[in-house]
Amino acid sequence: MSKKARKVDTVTLIDNRTGKQIELDLLQSTSGPMTIDIRSLYKKLGYFTYDPGFMSTASCWSDITYLDGEEGVLEYRGYPIEQLAEKSTFLETSYLLLHGELPTQSQLDEFVSNITYHTMLHEQLLRFYSGFRRDGHPMAIMVGVVGALSAFYHDDEDIHNPEDRMNAAHRLVAKMPTIAAWSYRYAMGLPFIYPDNSLDYSANFLHMMFAMPSEKYDVNPLLAKALDVILILHADHEQNASTSTVRLAGSSQANPFAVLASGIASLWGPAHGGANEAVIRMLTEINESGKPLSHFIERAKDKNDRFRLMGFGHRVYKNYDPRAKIIRKICHDMLAQGACTDPSHQKLLDTAMELEQVALSDDYFKSRNLYPNVDFYSGIIFLGMGIPLNMFTVLFAVGRSVGWVAQWNEMMGDSESKIGRPRQLYTGSPRREYKPIDKRISQD
Ligand code: SDX
């Protein structure tokens, strides 16, 4: 248990069936709601708790990220996301997430050098790409190739050794852009572009994505800076679905590379990281339908219609996602500076802005606190950078990789951490005897 989660009081639980009364510790967190420690509940009362989706349940303690859904606050190691987005870089923020403090200049220089000299992949890893269909989704390639790293580094990583864990963290942060860029190059039938150590992290990614061996390629500094901020915004986000997947997979003491592959798989879903791709598909469908926005608003409200306003709503934010505010401004700045040449991007942004206004004035969305989330605008920026639709969630995974590995490292460094093994509310058949096949009747 973190040193900072201390017992401040107790809560009394009375079992009305038996009259039994127990005391449970009330734990004080640094920020946010106090937490009832229910670890002794089953032993004291013989009951489980039921909370599918973890709506009211803390699965762990963490010192890394804090968010307040009511106030729209997001902080990495106590630093507000707005300040990091404005003043930091993705690698400096990565150092902060991994080590808990902002680096001195020499610490940052050493960290950047470490990451820079881990960006190359083992040459044999290239062969994994050729096993995929050219039209395979890049997220499928990411799951496969990142998981395959465990075949290359499995033996020299002792997950109980903090130095080895940090080495694995450096390798993952460093190699994600290379793996990601090459998944795009493979899909396009283009030659792989190797990392250029003279470029910074985000510029290097755009270089590996778009350079051609036949001519000089200069990265647009505006786009590199916009990407760096977007990676900062996506770096971590408490115990979201993919981070919880990483913690659960890592709790069995699995290899960190295989564990991150599980996080990538979870992020892919359209309810989670896949939403940025789904938002563009939705905005395009709206633009091409010739129907008014009100038609789509009504569909989003119709329980019999699977259509949802992608990029809206959040499990925790019941206010504006602070990341969406920052990305919305980047969107406007990029389009205003002419960094995007395709007029259809402006049309998508115009539709997004109009949809946001219409939705936020509609009682259905207001009453459910459904605001734009991080995915609502990010796709428009990615389009403006020339990033293809099926690469959007890949970029989310590149940013989130440092959060996943920081949370994995925190869990593995906790001497009290156990294998995650939730219980259940069993609602199946009571005990019954095996029936010979000639005695069975069809249930249809
Ligand atoms: C990310 O957890 C994280 O931190 C995630 C993330 C991160 O950084 O890791 O922030 C990244 O995943 C952002 C979310 C991206 N997903 C989307 O944009 C997909 C669209 N959003 C929805 O699928 C939904 O809002 C979720 C999944 C994000 C949240 O779902 P919840 O918390 O389970 O809420 P819910 O589905 O119970 O919705 C509550 C009500 C329901 O209506 P009622 O049953 O009360 O009548 O709101 C409705 C829902 O039908 N609702 C929507 C809606 N989202 C919720 N109605 C229309 N459009 C929507 N988008």
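**Notebook: a sheet, a helix pair and a ligand site**

I began at the N-terminal end of the list, where strand E1 (residues 6-14) and strand E2 (residues 21-28) pair in the antiparallel sense over eight bridges. A reminder to myself before going on: this is a predicted model.

Next I looked at how the two strands line up. Thr-12 stands opposite Glu-23 in E2. I then followed the hairpin of E1 and E2 through its turn, and counted six residues between the strands. Which residue there takes a positive phi? I found Gly-19, with a phi near 80°.

I wanted to know what lies on the other side of E2. The answer is E3, which pairs with E2 in the antiparallel sense over two bridges. For the register here I noted Leu-27, which stands opposite Thr-35 in E3.

Putting the strands together, I have an open sheet of three strands in the order E1-E2-E3, with antiparallel pairing. Why is one side of E1 and of E3 left without a neighbour in the sheet? Both E1 and strand E3 (35-36) stand at the edges and have a single partner strand each, so one side of each has no neighbour in the sheet.

**Helix pair**

I turned to helix H4 (residues 105-116) and helix H7 (residues 162-188). Two packed helices are described by the angle between their axes and the distance between those axes, so I looked up both. The axes of H4 and H7 come within 8 Å and cross at roughly 65°.

Which residues meet there? From H4 I wrote down Phe-111, Asn-114 and Ile-115, and from H7 their counterparts His-170, Val-173 and Ala-174. Sorted by class, the residues of this contact are four nonpolar and two polar, with no charged ones.

**Ligand site**

Last, I went to the ligand, which has 24 residues around it. Of these, His-237, His-314, Arg-315, Arg-323 and Arg-400 come nearest. By class, I get ten nonpolar, seven polar and seven charged residues in the shell.

I checked three of the nearest side chains for polar atoms facing ligand oxygens. For His-314, an N or O atom of the side chain is 2.6 Å from an oxygen atom of the ligand. For Arg-323, the corresponding distance from a side-chain N or O atom to a ligand oxygen is 2.7 Å. For Arg-315, I have a polar side-chain atom 2.8 Å from an oxygen atom of the ligand.

How much of the ligand does the protein bury? Taken alone the ligand exposes 1100 Å², and 75% of that is buried by the protein.

Key. Residues are numbered from 1 along each chain as its sequence is written. This is a predicted model: local features need pLDDT of at least 70, side-chain atom pairs count only at pLDDT 80 or more; totals for chains, interfaces and linings use all residues. Side-chain values use heavy atoms; hydrogens and water are left out. A residue is near a molecule or strand if one of its heavy atoms lies within 4 Å of it. A polar contact is a pair of N or O atoms within 3.5 Å; within protein, one must be able to donate a hydrogen and the other to accept it, and residues adjacent in sequence count only if both atoms are side-chain atoms. Accessible areas come from the Shrake-Rupley method with a 1.4 Å probe; for residues, only the protein chains shown count as cover. Ala, Val, Leu, Ile, Met, Phe, Trp, Tyr, Cys and Pro count as nonpolar, Asp, Glu, Lys and Arg as charged, and the others, Gly among them, as polar. Axes are lines fitted to C-alpha atoms, for helices over the stretch in contact, and angles run from 0 to 180 degrees between N-to-C directions. Helices (H or I, at least four residues) and strands (E, at least two) are DSSP runs, numbered from the N terminus. Contact means heavy atoms within 4.5 Å. Two strands pair if DSSP finds at least two bridges between them.
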